[in-house]
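Trainee: Pick one part of this model and walk me through it closely, please. I'd like the cut-offs along the way.

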Amino acid sequence: MSADLKKSSSNGSEKSLINEEQQAKISEIRRLIGPLPEKLAIYCSDAAIARYLRARNWNVKKATKMLKETLKWRAEYKPEEIRWEEVAHEAETGKIYRSNYIDKHGRTVLVMRPSCQNSKSTKGQIRYLVYCMENAILNLPADQEQMVWLIDFNGFNLSHISLKVTRETAHVLQEHYPERLGNKIIPEILKDVPENCSDDYLCTVAKPFLERKTQNKVKFVYTDDPNTKKIMEDLFEMEKLESAFGGNDDSGFDINKYAERMRAEDKRIPAFWTKSEAPTEPMPTSSVDLNSFDSDASDSGKVDGSASHVSDSEGLISDKNVFVTKGSDKGNGSKELLYR
């Protein structure tokens with residue numbers, strides 16, 4: 001058996017099967033982490049610990065270090081306490097939103113439209129991104145751990161993006177939401193990213209933040225191409241999928257309807273973080289010591305809390321389903337990028 005988890009393919013589920021050796025590593029990390037307050041204990045399910053182990057090649061020391069950094073971040077940043085009213089202004093243009101449909105495997109879908117950027121605040125943009133990630137996770141079914149991203153680059157240019165925001169986004173996603181995005185894309189249509197992609201601003205923006213093995217899995221496809229259509233039809237109900245991604249839904253984003261959905265879903269958050277799924281371990285009677293989550297001094301290369309640390313990972317988008325469209329490029333079809 002490989003060092004990674006075996007995955008079920010009978011029903012498209014991304015839920016992983018864990019062998020005895022891997023379960024032992026999960027238990028070892030739980031021992032190293034020690035007792036936690038309720039919300040962090042709920043966060044540290046076996047499935048969550050397994051995601052950190054996968055992100056670090058099942059290396060217990062590295063995965064423990066990574067998980068400790070996330071626990072410290074969650075204790076300080078409190079992502080589960082973000083509510084719609086705090087971030088609503090960032091959402092007005094529909095630059096990121098959770099779709100009202102799921103894919104055929106039950107995964108939640110986040111839609112991103114970078115050309116709809118409406119804010120200069122790095123803090124505000126990251127706060128909204130975290131809110132969207134938490135909301136997408138909240139809506140995952142019990143047999144799923146991963147989500148799908150659809151990114152529409154139509155109308156995008158470099159003025160819509162900040163390198164500071166890009167670095168911070170990469171850091172948050174890689175370090176605190178590992179293995180959260182689906183990875184089932186037909187392998188035979190993948191090809192290398194061109195070495196010389198300076199003429200394509202998407203490559204110019206994305207390439208510095210992608211590891212080489214991720215760059216090698218970037219593929220240009222088209223919405224009027226039969227192979228591309230088959231991929232989308234296999235993953236989505238075309239009547240529900242937005243037309244920008246080859247679907248039949250032209251309704252567009254409605255901020256008022258979306259706000260109503262988010263306010264209703266905010267009411268579900270407290271129950272999510274009080275459910276009794278955490279391991280039955282004694283809880284500390286006082287507040288958690290954030291310093292106890294610092295990495296061991298013997299570890300080489302302490303995980304930097306800054307946004308610039310994006311290299312020590314299995315790749316920002318190597319484990320996602322990310323479909324990217326950037327407008328017409330082939331007849332009337334939309335040019336898209338698939339990240340596997």
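Mentor: Let's take helix α7, starting with its surroundings: the buried residues of α7 are covered by parts that include α2 (38-43), α3 (46-55), α4, α6 (122-138) and β5 (148-152). Contact here means heavy atoms within 4.5 Å, and buried means under 20% relative accessible area, with exposed over 50% and partly exposed in between (1.4 Å probe, protein chains only). Helices (H or I, at least four residues) and strands (E, at least two) are DSSP runs, numbered from the N terminus.

Mind that this is a predicted model: local features need pLDDT of at least 70, side-chain atom pairs count only at pLDDT 80 or more, and totals for chains, interfaces and linings use all residues. Residues are numbered from 1 along each chain as its sequence is written, and side-chain values use heavy atoms, leaving out hydrogens and water.

Now α7 itself, residues 163-176: its 14 residues should span 20 Å, and the end C-alpha atoms sit 19 Å apart, which agrees. That expected span is 1.5 Å times one less than the number of residues. The buried residues in α7 are Val165, Thr166, Ala170, His171, Val172, Leu173, Gln174, Glu175 and His176. At the N-terminal end, serine 162 is the cap, with a side-chain oxygen 3.2 Å from the backbone nitrogen of lysine 164. A polar contact is a pair of N or O atoms within 3.5 Å; within protein, one must be able to donate a hydrogen and the other to accept it, and neighbours in sequence count only if both atoms are side-chain atoms.

Among the covering elements, α4 is worth a longer stop. The α4 and α7 axes come within 9 Å and cross at roughly 115 degrees; axes are lines fitted to C-alpha atoms, for helices over the stretch in contact, with angles from 0 to 180 degrees between N-to-C directions. Met66, Glu69, Thr70 and Trp73 of α4 meet Val172, Gln174, Glu175 and His176 of α7. By class, that contact has 3 nonpolar, 3 polar and 2 charged residues, where Ala, Val, Leu, Ile, Met, Phe, Trp, Tyr, Cys and Pro count as nonpolar, Asp, Glu, Lys and Arg as charged, and the others, Gly among them, as polar.

As for the partner, α4 (residues 60-77) has 18 residues and reaches 25 Å, close to the 26 Å expected. Of those 18 residues, 14 are buried, so α4 is largely enclosed by the rest of the structure. At its start, a side-chain oxygen of asparagine 59 comes within 3.1 Å of the backbone nitrogen of lysine 61. Lysine 61 is partly exposed, at 47% relative accessibility.
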